[in-house]
Amino acid sequence: MGFGVRWRRWINLCISTALISVNVNGNQSKLFSMKRGLRQGCPLSPLLFNIVSEALSSLIHKAVKLEIIEGVHVGSAGFKISHIQFADDLIIFSKGNRENVINIKRILRIFELASGLSLNSKKTSVSRISVEQGCSIAERICLVRSVLSNLPIYFLSYFQMSISVADKLNKLSAQFIWGPNSSKPIRWVKWDNMTKPSEVGGLGIVDAKLKNRAMLNKWVWRFSQEPYYLWRKVINSKYEYPENMLLPENGVERKHSWVWRNIMRSLHNQEDAFTKNIAYNLGDGRSVNF
């Protein structure tokens, strides 16, 4: 992979000269050297594992290039996908014939002999997928609800999405449902009805703008429910909030960050559904002023 001799010598010294001891009933054993390389918890372990995983990825790419195994063609542009890796998880895409399966097993065996990492057969499975037959509308709705709507969920939880981006996401969802292969598909159901819950006759598709606002409003709820959490203490200290405050009252001042202002925006809009439905349960009076 192009690593120099000196670098490889350094890594070899880190692996071969390290000593460890075992805690047995509270007593430390004598130091001894490791015979099987790195152990879990070593800071070098994930870095070296990624390098080894890259070697496996290169093997699969080489096999596809030499037509030893066949990847899966996606679309009409000639794009081919052979595998997906994440940490120690691997998904290999190939045609479901005997020759390809045997060659995949050979590649994994070569990798095992070269690296010492063997395949865990108990966690291995073979699944059949169809990329040639189009999905039904019900299947596409399921994909939108379970995949497309959740892809940007991390960003929706922290940042205010622009209206143009939200409209683009909604348009992509609708286009995929009604006609993924058509530039102007016929939309048999209005978008407002599509976003209604299935219990009232909708399709259960989540509008990107509403989901974004709901995810941001959750921080307002957490503000009142997690008074002793570290993030709440940081907010209290930064913006000089009292420790027993249920909801911040001045979240749109200029001294506040744009992220926090966007989170608190609904509290300053009396027409917002979240603000309209806020209610207090009176307790001992320590957090409510009359």
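Glutamate 112 is partly exposed, its relative accessible area coming to 25%. In this predicted model, its side chain meets that of arginine 109 in a salt bridge, at 3.1 Å from N to O. The two sit three residues apart in helix H3, so about one helical turn separates them. Arginine 109 is partly exposed as well, at 43% relative accessible area. Arginine 109 also turns up in a second pairing, this time with leucine 119: the two are 10 residues apart in sequence, and their C-alpha atoms are 8.4 Å apart in space. Leucine 119 belongs to the loop between helix H3 (98-115) and helix H4 (137-148). With a relative accessible area of 53%, leucine 119 is exposed, because the cut-off for that label is over 50%.

The arginine 109 and glutamate 112 contact sits within one helix, but what of the rest? Searching the whole structure turns up four salt bridges. One of them joins glutamate 70 to lysine 95, with 3.3 Å between the closest N and O atoms. Here the partners come from two loops: glutamate 70 from the one between helix H2 (45-65) and strand E5 (72-74), lysine 95 from the one between strand E8 (89-92) and H3, so the bridge ties together parts that lie 25 residues apart in sequence. Both ends are partly exposed, glutamate 70 at 32% relative accessible area and lysine 95 at 46%.

Another bridge links lysine 209 and aspartate 167, whose closest N and O atoms are 3.0 Å apart. Lysine 209 is in helix H8 and aspartate 167 in helix H6, so this pair ties together parts 42 residues apart in sequence. Neither end is hidden away: lysine 209 counts as partly exposed at 36% relative accessibility, and aspartate 167 does too, at 37%.

Helices H6 and H8 come up again on turning to the inside of the model. The structure holds one cavity of 30 Å³ or more. The largest cavity has a volume of about 110 Å³. Its lining counts 13 residues, and those closest to the centre are Leu148, Ser149, Leu169, Val206 and Ala208. Helix H6 (163-178) and helix H8 (208-225) each put at least two residues into this lining. H6 gives the most, with three residues. Sorted by class, the lining of the largest cavity has eight nonpolar residues, three polar ones and two charged ones.

On the outside, there is a nonpolar patch to look at. Ile153, Tyr154, Phe155, Tyr158, Phe159 and Trp258 make up this surface patch of about 630 Å². Helix H5 (residues 153-156) provides the largest share of the patch, three residues. Tyrosine 154 is part of helix H5, and at 53% relative accessibility it counts as exposed.

Another nonpolar residue, isoleucine 137, has its place in helix H4. Its relative accessible area is 37%, so isoleucine 137 is labelled partly exposed. Isoleucine 137 and phenylalanine 176 are 39 residues apart in sequence, yet 9.1 Å apart in space from C-alpha to C-alpha.

That leaves the backbone. Most residues other than glycine have a negative phi. Asparagine 25 has a positive one, about 55°, although it is not a glycine. Asparagine 25 is found in the loop between strand E2 (23-24) and strand E3 (27-28), and at a relative accessible area of 76% it is exposed. Glutamate 67 is another non-glycine residue with a positive phi, here about 60°. Glutamate 67 sits in the loop between H2 and E5, the loop that also holds glutamate 70 of the bridge to lysine 95. At 69% relative accessibility, glutamate 67 counts as exposed, whereas glutamate 70 is partly exposed at 32%.

Methods: Residues numbered from 1 in each chain as written. Predicted model: local features only at pLDDT ≥ 70, side-chain atom pairs only at ≥ 80, totals over all residues. Heavy atoms only, no water. 1 Å grid on protein atoms, 1.4 Å probe; cavity = no way out; pocket = protein on both sides within 12 Å on 5 of 7 lines; lining within 4 Å. Points joined across faces, edges and corners; volume = space filled by probe spheres on them. Helix = DSSP H or I, 4+ residues; strand = E, 2+ residues; numbered from the N terminus. Nonpolar A, V, L, I, M, F, W, Y, C, P; charged D, E, K, R; others polar. Patch = residues over 30% accessible without salt bridge, like charges linked within 9 Å, V, L, I, M, F, W, Y side chains within 5 Å. Areas by Shrake-Rupley, 256 points an atom, 1.4 Å probe, with all protein chains shown as cover. Buried < 20%, exposed > 50% of the residue type's maximum accessible area, 1.4 Å probe, protein only.
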